[in-house]
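Dear colleague,

I am passing on the structure we spoke about, and I would be glad if you could look through it alongside the notes underneath.

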Amino acid sequence: MSEAEYHPLPVATESHKDSETEKYHAFVNLALGLAAITGIELVLVYLPFNTVFIFTVLLSLSLFKFIAVIAWFMHLIYDKLILTLAFGTGMAIATGTFIALGFLFSRGNVDMDAITGF
Amino acid sequence: MSHTETEIPTPETTHAHEPQVLKPERSRLGLMRPDHGKSVIIDWLTTVDHKKIGLMYGTIALFFLLVGGIEALIIRTQLAFPENDLISAQRYNQLFTMHGTTMIFLAIMPLNAAFFNFLVPLQIGARDVAFPRINSFSLWGFVAGAIVINFGWILQALEVMGLFQASGPTAGMNDFVPAMGWFGYAPITGINFTGAGTDFWIMGLQILGIASLSAAMNFVVTIVNMRAPGMKMMRMPVFTWMTLVVSLLIVFAFPAITIALGQLMFDRCFGTNFFVVAGGGQPILWQHLFWIFGHPEVYILVLPAMGIISEVLPTFSKKPLFGYSIVVFSGAVIGFLGFAVWSHHMFTTGLGKVATAAFSLLTMAIAVPTGVKIFNWVGTLWGGRVRFSAPMIFSLGFVWMFMMGGFSGIMHSSAPADAQQQDSYFVIAHFHYVAIGGIFLAVVAGIYFWLPKMIGKMWKGNLSTWVAIFSTVGLNVTFFPMHFLGLLGMPRRTHTYLEGFGWETYNLVCTIGAYILAFGIFLLVVDIIRCFRSGEPAGNDPWDARTLEWTTTSPPRVYNFAKTPIIPARDALWEHKYGPENRRITFEDDHGHGIHMPSQSWMPFIASFGFIPLGLGMSLMQAGIPYMGYFAIFGLVLIGMGVALWAIEGPGGYHLHPEEDAI
Amino acid sequence: MSDTATASHEDGHASLIIDNKKLLMWLFLGSDCMFFGTLISTHLIYRKLYPESFEPTALFSLELTSFSTFILLMSSFLMALAVSAMHKGELKSFRRNVIGVIFFGLIFLGCQVYEFAHFVHEGLTLSTNTFGSTFYMMTGTHGVHVAIGVFWLICMYFYSHTGKMDAHESAIDVEVAGLYWHFVDIVWIVIFTAVYLIEFI
Ligand code: HEM
Ligand SMILES: [Cu+2]
């Protein structure tokens, strides 16, 4: 983070402005990309491709969106490593836990006759 | 707790020597800030001082320790003889549920929080925590949660007197106190099976969770950001390290229970099907979500204890902690692995072969870093000049007793063995060895070690030895026989038993042990009161200790350090006292700035106070008391208002210009 | 330094690695991963257990959901611009962008209210079956997050008119609000794929 922020409101040094302008371009490109990806996803689910293929593509597209927003919009790549650690630990624990949890449930363990709700 | 409060010097008295007279200012809301007031009560209610907050946590937690202890004594008395009918089965359920919940959430966690609050800023050379007002919010949130959880006792008393009956969705169920075990397994928590007690439990735990989460985030930020210059991560005292690990565990483990409790609340209040079997809900999901939180929770309880021990042992062996970095590292590994073993509480539910094997192996793996720590503690003692002062006696007790609890833990990490032990008294023996033999002894060691720092008075006499003897003998007499009871097949949570199973003698011995232990705790309370009333001045460093907190006065002044210390080495004070010249603690020049103190505030108190109407309203609504929905909404409004005004009023602050400290 | 600066700045501690509030927010977001992880995995687990209990494709309107996803992504974009404007000290541009974010946030909430009303009308309620319970609770919690974010930003907007904005502190405050907003957005990215799109393949 540059020193410039510590100045009173209207003042900003040139170099700081430059880096903000650079970020601006990154943001615009990213926004366009994200919109395009959402469009692709929407079309993709209707296409008569192999399910596994579509599934994989959807997963990677949403992963890309996810990481891109974190990295650029949320400034994580411009920021200190400790923030990545703080968030990454939570993300990693959550992912690991819930993937494991998903595997622990299987239909074989359910007594369908006991359920009267539907 | 009133007597402790008045005993502690208020800021006014500590600042009597200061020339300037401080006047409260107006906040951005235009209201007077409650700074520099004359009223002691207002001062404590609005305080943002981590030391006062720590003392309040400690006092309230000790109170709940006694409450939980009395509940336990009633349980043990009921079990002393076969077919005893001192209390009904229903009352028995309430007692063991509230005993577990109280001890874990209202006694041990806040006792740990008391130490975090008091010690961490002092140990890292900070003026306060990163967010003093959030700290106050956490304290009062904890109090609100405690009140909500225990409120059922009042309704229950009214019901016994014939003054109250449920008429709402839980009509006909007269259990107004939680009665489904501290882990609240579904489906007994469902609306068809339990009364308003479950609602109190849900709302109370939810509030306690919010308080713990906010406290934990606060401490992570404090430890990462507020360290004095030179206090590198690997120079921090182990206790601070363990606080960091525990806080991260809270941050990442509590959301699971928050959601699970939310789902349960929706099941009860709004007819969802998360855990309702008839609607397709899976009770087993509750078990998973609970233990995803629950296993990290047991490490949340024990890691601070390990931190305390890692401070006490080096001090009283006059040696640095053996293998500092290994101790820190294994603490972190325990924390991380703690997320990967939750299903060892569910071996007997039939997880499938692969899952059972995996969780069994991971549970065995977690014993490795635990064992490493024990070796390091023993290594610290080895060749040291050991002094058997009170804190040391309890710490040695911890090492031994905790190890015994660890052994039975490893025994039920093996799934086939656990199939025999699960839900029997063997498990009770396991976790009471880690909880009482481990955490409780460590906390007592911590009290004996740090109370002179906290209140500035030194212990008198050697009552502590008797505390140690009675509590250690008591806990072993109580819990060792439970191993046999478990293996003889006595199930846990059974309110009475028949003659002829060979359980009678063991149970009677356990009950006698419980009274011995209780007498030990009684002596502890007596000793603490004696210390408060007639202790001699403690001086800055009564134990010839090693870490930064002992450089401050006892009790430390509001601003902790007159000037920010610069830390040259690990074990800063020890190096300062006995190390080479270049390891002296020096102080930063503040250029006449003075010390910036945060202002006190009513807002955190108001915001967390709102949890009481919210929690009680939601629960009493279930019991059918009219208008309780509005009462709950009123609570929500209060919380929202408190937070909003808190944001608007601004942190404020004032400057102090104390004279320089000398160490 | 103004009196609004946090104690940490006053103390000038050397180890101040990163702004306190920012670290707090990132920790909260890390914690929120577990929070939403629990909600989403509950939904997926029940979906996997009872695939035939409910057929959401008849109910879901992918067009509407894609539209709200798009709206939320664009609001994230504007939020990034608002944060960057604040760092440059351009109050006007900050206000313009924040108004945009608030507007988009309200549209998103509107879509969600419409969606819920439509679903309830079609007979899917909280207590219909596990699908109803998990779906409403998950998307509802997300909606509450969005609503809190909108409220927060509205407060910021009005605050920017009071003239009390302090260059450094307010830039951090806006950035922290922005982090929250973006997080709400990425949670939706996951929900959009894992809850909506998947049903259609
Ligand atoms: C060496 C380390 C440890 C191992 C391997 C271990 C293992 C286990 C296992 C496998 C169980 C499940 C037993 C059953 O229900 O059949 C269990 C229960 C329990 N453990 Fe540990 N444990 C260890 C340390 C601790 C510590 C440090 C604490 C807490 C302070 C603790 C607290 C508990 C509690 C409270 C329960 C019982 C929960 C309940 O059913 O109500 N354990 N432990
Ligand atoms: Cu466990």
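The notes below cover one interface and one pair of helices.

This is a predicted model, in which local features need pLDDT of at least 70 and side-chain atom pairs count only at pLDDT 80 or more, while totals for chains, interfaces and linings use all residues. Residues are numbered from 1 along each chain as its sequence is written, chains are lettered from A in the order in which they are written, and side-chain values use heavy atoms, with hydrogens and water left out.

Between chain B and chain C, 45 residues of the former are in contact with 40 of the latter (contact means heavy atoms within 4.5 Å). The two chains bury about 3,600 Å² between them, 67% of it on carbon and sulfur atoms; buried area is the accessible area (1.4 Å probe) that two parts lose on being put together, summed over both. On the chain B side, Arg28(B), Asn225(B) and Ile259(B) lose the most area to chain C, together 17% of what that side buries. Across this interface the rule finds zero salt bridges (a side-chain nitrogen of Lys or Arg within 4 Å of a carboxyl oxygen of Asp or Glu).

Within chain B, the axes of helix H5 (residues 89-123) and helix H15 (residues 425-455) come within 11 Å and cross at roughly 35°. Helices here are DSSP runs (H or I, at least four residues), numbered from the N terminus, and axes are lines fitted to C-alpha atoms over the stretch in contact, with angles from 0 to 180 degrees between N-to-C directions. Among the residues of H5(B) that meet H15(B) are Tyr92(B), His99(B) and Phe115(B).

Best regards

How values were computed: Helix = DSSP H or I, 4+ residues; strand = E, 2+ residues; numbered from the N terminus.
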